[in-house]
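I opened a fresh notebook page for this one. Come along while I look things up, one entry at a time.

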Amino acid sequence: MEKILIIDDNESLRYTLTSVLDEAGYESLAVEDGYKGLEAVKTNMYNLVISDMKLPGMDGMQILREIKNLNPDIPVIVLTAFGDIKNAVEAIKHGAYDYLTKPFNNDEMIITVSKALEMDYLNREVNLLRKKYDESYSKDMITGSTAKMKELMEQIKAVSPTNLTVLLQGESGTGKEVIANMIHRLSNRNEKQFIAVDCGAIPEALIESELFGYEKGAFTDAKSQKEGKFEQAEGGTLFLDEVSNLSDANQVKLLRAIEDRKITRLGGKKAKKLDVRIIAASNILLSQAVNNQKFRSDLFYRLNEFHLELPPLRERKEDISLFVELFINNANSELNKNVETVSDEIMHKLMNHSWPGNIRELRNTIRRSVLLTGGSTITSVHIQEFSNDNLNSTPMQNTTFADSTKKAEKDIILKAIEEAGGNKTQAAKLLNMNQRTFYRKLKSLGIQ
């Protein structure tokens with residue numbers, strides 16, 4: 001049963017609220033001032049707080065701030081007189097879930113309470129799933145017994161509790177975002193947001209509005225104001241992946257935001273101070289990009305307060321057998337299989353592959369092999385080999401981009417069907433495609 005705390009100095013209103021909530025199936029406690037309310041929050045677990053805005057000794061805004069300091073996740077509904085809506089709106093800006101004007105309708109109160117509790121439940125579920133995913137994925141990517149990985153883990157433990165800006169460098173698939181997330185979770189900021197931004201996936205013209213937000217009317221489609229990634233990460237960590245993709249102009253704006261510790265929304269006039277830790281990542285050597293005048297040296301030195309180098313899988317081959325065991329167990333759980341191991345021949349093949357896609361490529365290879373294995377031992381794996389010859393084998397004369405894309409899609413699907421022994425359902429699983437989408441694609445590509 002959800003527990004609700006009521007803070008109001010009006011005895012009649014406390015009685016009314018308690019009766020309405022009890023009748024709706026909630027457990028409630030009513031107190032007459034903010035001091036008793038805060039004491040209740042400190043000593044008991046509540047799913048929701050309903051507080052009046054005007055109270056003796058400590059007003060509703062002070063109570064809201066104190067409650068959010070004690071437990072940022074508790075939703076708070078504020079009660080206000082009709083003529084005091086401005087303060088209620090201000091309370092929402094500071095973290096209140098919603099406000100109701102007095103006198104309130106009992107049905108409206110129950111609907112608002114129900115929505116607040118539903119939001120609280122969903123947030124807790126999301127946080128729990130995220131935590132499980134982070135723990136599982138971190139274990140996937142960070143497993144290792146080599147000297148390099150042990151040294152990396154010691155460095156992560158050392159830098160995590162600090163506010164130093166961290167620069168992660170490593171090839172694609174080595175787990176840079178996972179390491180960034182781990183640093184966040186081991187820091188004092190772990191109760192706040194970890195916001196990841198792929199700088200290479202955002203068009204240059206939109207980078208400023210994505211990072212710093214915008215005000216209503218800042219441009220044609222700005223129908224309302226929007227928080228940027230910096231504001232979303234307030235008190236937490238902002239992870240800037242593939243930071244080397246930023247243009248020189250956007251590098252200057254990022255440098256100014258990091259150095260000044262404040263941002264101005266696009267179309268805005270007032271700067272807003274922020275407390276955000278920055279972790280940046282690149283799959284190229286930024287020092288080399290600086291030497292080649294493709295990355296600003298001032299931004300590089302600002303990001304490079306602490307440097308972590310993530311080794312590629314080919315430099316930690318002793319860990320491959322550990323990853324294989326881990327990925328088999330994960331795939332068994334996901335695909336409802338009972339594969340136990342790989343044959344000696346397959347392990348030899350895995351150990352001798354260069355793994356250009358690193359841990360991500362190995363995980364996908366094992367997952368696909370588990371799906372296609374009928375017994376308890378993997379005796380066959382398909383490892384995609386890439387070479388310049390493969391890339392340049394098809395002449396481009398008289399070939400449109402659409403034709404090339406269609407051919408590539410067809411080749412990938414036919415290869416998946418071949419790997420699945422002609423079983424199209426399994427082929428769809430290999431490609432992580434919905435079956436209906438997969439069969440529509442077969443039809444459009446003329447595959448029987």
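**Entry 1: the whole chain**

How much accessible surface does the protein chain have, and what percentage of it belongs to carbon and sulfur atoms? I found about 24,800 Å², with 48% belonging to carbon and sulfur atoms. A reminder to myself: this is a predicted model.

Next I looked up burial, and 42% of the 448 residues count as buried. I also checked the contacts between residues at least 6 apart in sequence: 71% of these join residues at least 24 apart. For secondary structure, I noted 19 helices and 14 strands in the protein chain.

**Entry 2: a sheet**

I then turned to an open sheet of 5 strands, whose pairing is parallel. Reading across, I wrote down the order β2-β1-β3-β4-β5. Why do β2 and β5 each have one side without a neighbour in the sheet? β2 (27–31) and β5 (98–102) stand at the edges with a single partner strand each, so one side of each is left free of a neighbour in the sheet. From one strand to the next, I noted an average twist of 20°.

I picked one pair inside the sheet to follow up. β1 (residues 3–7) and β3 (residues 48–52) run parallel and are joined by 4 bridges. Here I could place Ile6 opposite Ile50, which belongs to β3.

**Entry 3: helices across the sheet**

Which strands does helix α2 lie across? I found α2 (residues 34–43) across β1 and β2, running at about 160° to β1. Helix α3 (residues 60–70) lies across β1, β3 and β4 (76–81). I noted that α3 runs at about 160° to β3.

**Entry 4: the cores**

Which residues have the most contacts inside the largest nonpolar core? This core has 30 residues, and I wrote down Phe230, Leu238 and Phe295 as the ones with the most contacts inside it. Several elements give two or more residues to this core, among them β7 (194–198), α8 (204–212), β8 (237–241) and α12 (297–303). The largest share, 4 residues, comes from α10.

I looked around Phe295 too, leaving out residues up to four places away in sequence. Phe295 touches Val243, Ser244, Gln251, Leu286, Ala289, Val290, Phe300 and Leu303.

My last find was a second, separate core of 21 residues. Leu55, Val76, Ala91 and Ala96 are included in that second core.

Methods: Residues are numbered from 1 along each chain as its sequence is written. This is a predicted model: local features need pLDDT of at least 70, side-chain atom pairs count only at pLDDT 80 or more; totals for chains, interfaces and linings use all residues. Side-chain values use heavy atoms; hydrogens and water are left out. Two strands pair if DSSP finds at least two bridges between them. Axes are lines fitted to C-alpha atoms, for helices over the stretch in contact, and angles run from 0 to 180 degrees between N-to-C directions. Contact means heavy atoms within 4.5 Å. Buried means under 20% relative accessible area, exposed over 50%, partly exposed in between (1.4 Å probe, protein chains only). Accessible areas come from the Shrake-Rupley method with a 1.4 Å probe; for residues, only the protein chains shown count as cover. A nonpolar core is a set of buried Ala, Val, Leu, Ile, Met, Phe, Trp, Tyr and Cys residues joined through side-chain atoms within 4.5 Å.
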